[in-house]
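Let's take a walk through a protein model together, one piece at a time. Keep the structure open beside you and look for each part as we get to it.

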Amino acid sequence: MNRVFCRQPDRVAIVTGGTDGIGFATAKYLARLGMHVIIAGNNDAKAQEVICKIREETLNSKVEFLYCDLGSMASIRQFVHKFKMKNVPLHVLVNNAGVMMVPQRQTKDGFEEHLGVNYLGHFLLTNLLLDTLKESGSPGCSARVVTVSSATHYVGELNLDDLQDSRGCYSPHGAYAQSKLALVLFTYRLQRLLAAQGSHVTANVVDPGVVNTDLYRHVFWGTRLVKRVLGWLLFKTPEEGAWTTVYAAVTPDLEGVGGRYLYNEKETRSLQVTYDQKLQQQLWATSCQLTGLPDGSPGAILR
Ligand SMILES: NC(=O)c1ccc[n+]([C@@H]2O[C@H](COP(=O)([O-])OP(=O)(O)OC[C@H]3O[C@@H](n4cnc5c(N)ncnc54)[C@H](OP(=O)(O)O)[C@@H]3O)[C@@H](O)[C@H]2O)c1
């Protein structure tokens, strides 16, 4: 980490996909700052090991795991219910979990997996947690939504008429890129809505760079071979990959600042189409329909 941040023992964070890779490194950094960290993940067995490791390494006992399969809307709703039963605030939500280049298959709700896990899962999760985030943010101390996208969004195309890629020839790369593009559009729309309401919650999106993690388990074998041999040279470590996420989650530089696409801790321009407010709005409305949120009009959801 290029910077040292102040301890934040009174803050609570949720990190999705904190059982591995960038999410694990992010959860560890936040725990080191003294935060109460809740890892949301879909792997109970792995989670126990991960929790013990983070507690041991950070000497922070306020690290826990709550089951959340982002490929299941029922599981997301259950996670939110269990979290709210704890009666704790929520200052940082890190939407990090993801899958890449998985073969064509569906989530429990019948969504194409990249769309369902990477995008719609986080869309629903964030919306269900917005009331707690809004209650937890205060002037000068905003709650923060940090969403992990990817440079792959630059080659993404949003097919609003067929988000699930059900027609034509399925491309795992195209599906991954679309999910990451959707996350950028979602963040910009969310930030606009939050700002319009004068809430003390910000939303930013980050690109971690190319990071040596298991995310690449489904890519072409040649790429995996290059990663195995030269990964240490060409790829960031998971800890380096987590820097920008942690920066967005805690830096005083970004107090009250949202709607930024961050790469290497700096604001960067995302794909031109992500700034199209009409497209942001259309995607939001479609996502509400797909996730069963009560109303396509954001005012109703964000009330
Ligand atoms: N690595 C890169 O070069 C790179 C580049 C750009 C963007 N990113 C983004 O960074 C994020 C983290 O990726 P990573 O590289 O750290 O990959 P990773 O090591 O494979 O970690 C992904 C995490 O997501 C979790 N996850 C997957 N499916 C889930 C589900 N249905 N419900 C809940 N959790 C689920 C995984 O849990 P299990 O391990 O238990 O399955 C794991 O903890 C992703 O959003 C990815 O798109 C990565």
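Start with strand β5 and strand β6 (residues 201–207), which run parallel and are joined by six bridges. One pairing to look for is Thr-147, which stands opposite Val-205 in β6. How does the chain get from β5 to β6? It crosses through helix α5 (residues 172–196), and this β-α-β crossover is right-handed. Bear in mind that this is a predicted model, not an experimental one.

Stay with β6 for a moment. Is this strand buried or exposed? Seven of its seven residues are buried, so β6 is largely enclosed by the rest of the structure. In a regular strand, the side chains alternate between the two faces of the sheet. You can follow that idea along β6: Val-201, Ala-203, Val-205 and Asp-207 lie on one side, Thr-202, Asn-204 and Val-206 lie on the other, and both faces are covered. β6 also pairs with strand β7 (residues 261–263), again in the parallel sense, over three bridges. Here Val-205 turns up once more, with Tyr-261 as its bridge partner in β7.

Now go back to β5, which covers residues 143–148. Six of its six residues are buried. Ala-143, Val-145 and Thr-147 point one way, while Arg-144, Val-146 and Val-148 point the other way. β5 also has a link to strand β4 (residues 92–95): the two run parallel, and four bridges join them. Among the residues involved, Val-92 has Arg-144 as its bridge partner in β5. Add helix α4 to β4 and β5, and you have a right-handed β-α-β unit.

That helix deserves a look of its own. α4 takes in residues 113–136, which makes 24 residues, and it reaches 32 Å from its first C-alpha to its last, close to the 34 Å expected. Where does α4 bend? Look at Leu-130, where the helix bends by about 50°. α4 is mostly covered too, with 21 of its 24 residues buried.

What does all this covered material pack into? The largest nonpolar core has 48 residues, and those with the most contacts inside it are Ile-14, Phe-79, Tyr-119, Leu-129 and Leu-133. Several elements supply at least two residues each, including β1 (12–16), β2 (36–41), α3 (73–85) and α8 (277–291). The largest share, 11 residues, comes from α4. To see how such a core is knitted together, zoom in on Phe-79: leaving aside residues up to four places away in sequence, it touches Ile-14, Ile-38, Ala-40, Leu-66, Tyr-67, Cys-68 and Leu-125. There's also a second, separate core of 35 residues, which includes Ala-25, Ile-51, Ile-54 and Ala-249.

Finally, find Gln-48 in helix α2 (residues 44–58). Is Gln-48 buried, partly exposed or exposed? Buried means under 20% relative accessible area and exposed means over 50%, so at 45% relative accessibility Gln-48 counts as partly exposed. If you'd like a sense of distance, compare it with Val-211: the two are 163 residues apart in sequence and 24 Å apart in space, C-alpha to C-alpha.

Technical notes. Residues are numbered from 1 along each chain as its sequence is written. This is a predicted model: local features need pLDDT of at least 70, side-chain atom pairs count only at pLDDT 80 or more; totals for chains, interfaces and linings use all residues. Side-chain values use heavy atoms; hydrogens and water are left out. The expected span of a helix is 1.5 Å times one less than its number of residues. The bend at a residue is the angle between axes fitted to the seven residues ending there and the seven starting there. Buried means under 20% relative accessible area, exposed over 50%, partly exposed in between (1.4 Å probe, protein chains only). Two strands pair if DSSP finds at least two bridges between them. A crossover is right-handed if, with the strands pointing away from the viewer, the path from the first strand over the helix to the second runs clockwise. A nonpolar core is a set of buried Ala, Val, Leu, Ile, Met, Phe, Trp, Tyr and Cys residues joined through side-chain atoms within 4.5 Å. Contact means heavy atoms within 4.5 Å.
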